[in-house]
Amino acid sequence: MANYLSQSWLIDRRHALRGMGTCIALPFLECMVPLRAAEQTTDTPRRSAFIYLANGVHSLNYQITTPGKDYEFSRSLKPLEKHREVITPISGLHHPGAISHHHNCISVWLTGGKLGPSDRNTISVDQKMAEVTAQHTRYPSMEIALTQGSLAWTADGVQLPAMRRCSEIFRALFEEPKGGITAQRRALRRKASVLDDNLEEVRKLNQKMSAADKGRLDQYLTSVREAEIRTRRADTWLDTPLPDIAEADRKRTNRDIPKTQAGDYFRTVYDLILLAFQTDVTRVATFSLGGEGDAFAIPEIGITESRHQLSHHGGDVGYMEKLTNYDTFAIEQFSYFLTRLSETKDLNGKPLLGSTMALFGSGMSYGHSHGNANLPLVLAGGSDLGLKHGRHLDFNQGHFEGYRLDKPSQHYGLCSRPANSNAHMSNLLLSMAQRMGVETDNFGDSNTAIDV
């Protein structure tokens, strides 16, 4: 094996990190925004939000057992009962490409990709949607995550950075940058110049590299090119005035909340997403309530353990009860989001909920065994986009003997092995993408669109 470390043309690590740092430093600019996009308008904005709950749920207390319209809400889903007519709980979907492990479950939740040791992720559905909506909005999408990276992935399999602090999110969306537009334009053009220099220097190395190094270099160059495009597009939006934010909305969202007040934090993030949709600065948002390995505790309801710890309960009754309480708490906050969407009018004077699809769920079902079949999912809103709600959409029906909640081992088996092998979650993502105006007949590992 050649010792590439001895070669004089080896990329300097610090130089590469400078280039990558340029990409990471740009907030909310992960897709191309066409020039003069602000001059274009649409009469019927379509919006989508994706909310991820790590480590699955306590399935015995979450599972709805009756399909169709006459279903009864489970204990964990009870906070959504008042929204019955605008939601669809979904059972039985899975991601075939999700290897039964934490990292892969969250990574493929919105991509439907396959992530083995040598696989690169594929584009996430929110970014496919952003390709359509970006021409109308200042920001193609917004990515928020309590910890780790976002749920969003580019077409080149690069995970987009996420923001966490509420005040930081507010500033990025609604406040003029420090120094004003002139200073911001100057900074953007300096970044463009640095990116040009990086591209020129790195390209010179291409002929001297091994095949493996060329692959790594190609990923790096792709990131630099994307950052270059984002920088140029950001420049074109600087002359477009930011939306006016009411003082009450500013006080509600432009603040930071400690981790010990999880409910306040969740609701503030939901308010930020709502405000972004209401002012039409973006139409696509993702929000991860923590990574699979580090979703934090909720001391305000007596939970001092991490969600990861509770999900690996090993049959401990106390842990299972706390996991159920955690599930219910997270669903209560999602219910708050739906209420706010129904009460808030968009720029056309219509309730935001009608034009907004909101998908809540997890890439796991049963965290203790990393089971990733029978995923817990709730689709809400979007009636103006043609969605019809009020039923439990159950893809397990006709493929199993029934839910055995009184026999945990049998039920957990359903969460680890799909009853219906053709019921891919990508089918749902495909349907949502089509509702958003994405012209495609497939997405990820989809095999058909779901009629929702």
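Cys166 counts as buried, because its relative accessibility is 1%, and "buried" here means under 20% relative accessible area, with exposed over 50% and partly exposed in between (1.4 Å probe, protein chains only). Cys105 is also buried, again at 1% relative accessibility. Searching the whole structure for disulfides (a pair of cysteine sulfur atoms within 2.5 Å) turns up zero.

A quick word on what you're looking at. This is a predicted model, where local features need pLDDT of at least 70, side-chain atom pairs count only at pLDDT 80 or more, and totals for chains, interfaces and linings use all residues. Residues are numbered from 1 along each chain as its sequence is written, and side-chain values use heavy atoms, with hydrogens and water left out.

On to the rings. Rings of Phe, Tyr and Trp (its six-membered ring) pair if their centres lie within 6.5 Å; planes under 30 degrees apart are stacked, over 60 edge-to-face, and the rest tilted. That rule gives eleven aromatic pairs, including these two:

| Pair | Type | Centre to centre | Angle between planes |
|---|---|---|---|
| Tyr71 and Phe73 | tilted | 5.0 Å | 55° |
| Tyr366 and Tyr412 | stacked | 3.7 Å | 5° |

The stacked pair ties together parts that are 46 residues apart in sequence, because Tyr366 lies in the loop between strand E5 (356–361) and strand E6 (377–381), while Tyr412 belongs to helix H13 (residues 408–416). Helices (H or I, at least four residues) and strands (E, at least two) are DSSP runs, numbered from the N terminus. Tyr366 and Tyr412 are both buried, and so are Tyr71 and Phe73.

Tyr71 has a charge for company too: the charged end of Arg84 sits over its ring, 4.4 Å from the centre. Arg307 does likewise with Tyr326, at 4.7 Å from the ring centre. To qualify, NZ of Lys or CZ of Arg must be within 6 Å of the ring centre and within 35 degrees of the ring normal.

There's also one aromatic cluster made of Tyr265, Phe266, Tyr270, Phe287, Phe329 and Phe337.

Now for a helix pair. The axes of H9 (residues 262–278) and H11 (residues 317–343) come within 10 Å and cross at roughly 30°, so H9 counts as roughly parallel to H11.

Last stop: Asp406, in the loop between strand E7 (393–394) and H13. Asp406 is exposed, with a relative accessible area of 63%. Its C-alpha atom is separated by 8.3 Å from that of Leu60, 346 residues apart along the chain.

Methods: Axes are lines fitted to C-alpha atoms, for helices over the stretch in contact, and angles run from 0 to 180 degrees between N-to-C directions. Angles under 35 degrees count as roughly parallel, over 145 as roughly antiparallel, 65 to 115 as roughly perpendicular and the rest as oblique.
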